[in-house]
Amino acid sequence: MSVKIGEIPYKERIQNGIKDDFMRQAVSSAQGRFRNGRLTQAEALGNWEDWRQLGSEIRAHTMENLDFYLHQLSEQVARRGGNVFFAQTAEEANEYVKNIIKNKEAKKVVKAKSMVTEEIGLNKALEEAGAEVVESDLGEWILQLDEDPPSHIVTPALHKNKQQIRETFSKKKGYQGSDTPEELAAFAREQLRQDFLAADVGITGCNFAIAESGSITLVTNEGNAEMVTSLPDTVITVMGMERIVPTWEEMEVLVSLLTRAAVGQKLTSYITAITGAKGPEEVDGPEEFHLVVVDNGRSKILGTEFQSALHCIRCAACINACPVYRHIGGHAYNSIYPGPIGAVITPLLEGYDDHKELPYASTLCAACTEACPVKIPLHEHLVRHRQIIVEREKKAPMAEKLMMKGFEQWSSHPSLYNLSAKFAKPALGPWVKDEEIENGPGPLKEWTDVRNFSVPQGQSFRDWFKQRQKDGESNGNKES
C-alpha cells in the first residue's frame, strides 16, 4: 500500500511537488491550454463580465434561498418516484448508501466521477460492506488502480504520463500493449464496458440539480455517466447541498460558464439529465432512484462571510490560473479540492487544525478571483483565513508587535534602510549560494523552508540607475 498524501508533512508535500519536473511541466502546459481556451470561448460568448455577473447573481440568490429550493427539489424527486435523504454528516450519507447496497445484495457498484463521494470517503465504506467499487471516469479509474488521489478537479490524473499509465495497466490489469493514448484508451473502454454490464448499482455525483423539475444534471466528456445511469437497475446520486439551481434557465447559464471556464469548450460532449426513476412508458433508466443531499459542514458556512465559497461550480478556472498550484501540484493541498478554492473551502469543511497551512499557499495575486466565472472573491477569503489563523494561534503577540514596530521604523527611514542593505550581503555570506539563501538562519528559516531568499545587493535602485547612466555615458564617449 502506498503512503497516503495526508501522512506526509505539508512542507515535504510542497518539496515533492517542486521536485516533480513532469508534473510541473504537465500542469504548466494544461494551465496555458485551458486558460487560452477559456479566453477564446469567453470572447465568443459575448461580454464575459456580464455573464460572470449573471452567474454570480444566480449563485447568490440560490444560496440565500437554499432551504426553499432544496425543499422544492425533494418534492419534485419524490413526485417522480425517487427517494431523497438529507445527510447532515459524511457518516450518515455513507450509512444510507451502504444500507441500499446491503438490501440489494449488490456485489458491484460502478460510479461516474463524483468529488463529494471522495470527500465523504464513500468508496471505502462500500468496500467494507462487501461491494466492489469501480470508478468509470478514465482519470479516476487510472488513479483508483494506482491507489493515488486526484490532483485536479477537472483532470484528476493530470500528474500521470502515458508511460506511468501503461505501467499501471500492465501491473493491475495485465495490459500488454503500447503506451500510445489511443491504445490505452481502447483498453480502458474494453475493461470498463464489462463493469458497466455487470454493475448492480450506479452512483453519480451532480453538477447541478434543477429544483423546479427534480432533475439531476451531469456534465461529462466520456459518456460514462450515460452508462452508469441507464444500465444498473438502481441509481444513487450523491450531491453537496449547494449544487442546485432554481430552473433549467439558470442551469443553462451556469453550464455555459462552466464549460468555457473549465477547459475552453462551448459545450462538453455530454450533458446528462436524470429525472427520478424510470416511468411506465420509458425504455431505459433506473427502476429505483435515490438522491442523497450532503451537508457535511456546508450549513456552517451559510450566513457567514465565507458564504460565497459555496457558489463554486467546480470548473477549476482558479486552479488553472494559480501560480502556486503550477509549482506544487494538487497533492500538496492534501484535499479533494486543491488550488485556491480548496485552500478556501477545505478549512471551512474540515477545520483549521489540519489545514491551517492552505491559506498561505497563495501569492494573493488575485488571478483566481479574476478567473472565477461566478466572481468568488477567493483572494479576499484567503486573507481572512490568515487573519483568523493568526487570531487563533496567538503566537507571541507582544514579540510580533515589537518586530513589526521595529520593521516600521527601519523601513520608513531611508538612511537606516540603505545602511542595512549595504551590510546585509556580507553578513549573510556563509548562507549565500548563487546570490540566494536556501537554508537561512534565525527569522529567515521559516521563509527558506519553502522558498529561496534573494540576497540584497547592497545597492538601492536609484544608485543602480545612476551607475547605469554613468556607464552608458562612458561607453558613449568611448564609441565617439
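These exercises work through parts of one predicted model, each with a solution in steps. Residues are numbered from 1 along each chain as its sequence is written, and side-chain values use heavy atoms, with hydrogens and water left out. In this predicted model, local features need pLDDT of at least 70 and side-chain atom pairs count only at pLDDT 80 or more, while totals for chains, interfaces and linings use all residues.

**Exercise 1. The four-stranded sheet**

Task: Give the strand order of the open sheet that holds S8, S5, S6 and S9, and state which strands stand at its edges.

Solution.

Step 1. Strands (E, at least two residues) are DSSP runs numbered from the N terminus, as are helices (H or I, at least four residues). Two strands pair if DSSP finds at least two bridges between them.

Step 2. The order is S8-S5-S6-S9, and the pairing is mixed. Strand S8 (244–245) and strand S9 (270–274) are the edges; each has a single partner strand, so one side of each lacks a neighbour in the sheet.

Step 3. Take the pairs in turn. Strand S5 (residues 208–210) pairs with S8 in the parallel sense over two bridges. S5 and S6 run antiparallel and are joined by three bridges. S6 and S9 also run antiparallel, joined by five bridges.

Step 4. Follow residues across the sheet. Alanine 209 has isoleucine 244 as its bridge partner in S8, and alanine 209 stands opposite isoleucine 216 in S6. Isoleucine 216 in turn stands opposite isoleucine 274 in S9.

Step 5. Look at the turn. The hairpin of S5 and S6 has four residues between the strands, and glycine 214 there takes a positive phi near 75 degrees.

**Exercise 2. The faces of S6**

Task: Decide how many residues of strand S6 (residues 215–220) are buried, and sort them by face.

Solution.

Step 1. Buried means under 20% relative accessible area, exposed over 50%, and partly exposed in between (1.4 Å probe, protein chains only).

Step 2. Six of the six residues of S6 are buried.

Step 3. Ser215, Thr217 and Val219 lie on one side, and Ile216, Leu218 and Thr220 on the other; both faces are covered.

**Exercise 3. Helix H15**

Task: Compare the expected span of helix H15 (residues 339–350) with its end-to-end distance, then describe its cover.

Solution.

Step 1. The expected span of a helix is 1.5 Å times one less than its number of residues. For the 12 residues of H15 this gives 16 Å, and the end C-alpha atoms are 16 Å apart, so the two agree.

Step 2. Of the 12 residues of H15, 11 are buried. Among them are Gly339, Pro340, Ile341 and Leu349.

Step 3. The cover over these buried residues includes helix H6 (115–120), helix H13 (317–321), H14, H16 and helix H17 (378–393). Contact means heavy atoms within 4.5 Å.

Step 4. After H15 comes glycine 351, with a positive phi near 95 degrees.

**Exercise 4. Two cavities**

Task: Describe the volume and lining of the largest and the second largest cavity.

Solution.

Step 1. On a 1 Å grid over the protein atoms alone, a cavity is a set of points where a 1.4 Å probe fits but cannot get out; lining residues have an atom within 4 Å of a point. Grid points are joined across faces, edges and corners, and a volume is the space filled by probe spheres set on the points. By this rule there are four cavities of 30 Å³ or more.

Step 2. The largest cavity holds about 90 Å³. It is lined by 14 residues, and Cys312, Cys315, Cys318, Cys372 and Pro373 are the closest to its centre.

Step 3. Classes are nonpolar (Ala, Val, Leu, Ile, Met, Phe, Trp, Tyr, Cys and Pro), charged (Asp, Glu, Lys and Arg) and polar (the others, Gly among them). The lining of the largest cavity has 13 nonpolar, no polar and one charged residues.

Step 4. The second largest cavity has a volume of about 70 Å³. Of its 13 lining residues, Cys322, Pro340, Ser362, Cys365 and Cys368 are the closest to its centre. Its lining divides into 10 nonpolar, three polar and no charged residues, and helix H14 (323–328) and helix H16 (367–371) each supply at least two of them.

**Exercise 5. Threonine 168**

Task: State whether threonine 168 is buried or exposed, and list its contacts beyond its sequence neighbours.

Solution.

Step 1. Threonine 168 lies in helix H9 (residues 162–173). Its relative accessibility is 6%, so threonine 168 counts as buried.

Step 2. Leaving aside neighbours within four places in sequence, threonine 168 is in contact with Ile142, Leu145, Asp146 and Lys173.

How values were computed:
On a 1 Å grid over the protein atoms alone, a cavity is a set of points where a 1.4 Å probe fits but cannot get out, and a pocket is an open set with protein on both sides within 12 Å along at least five of seven lines; lining residues have an atom within 4 Å of a point.
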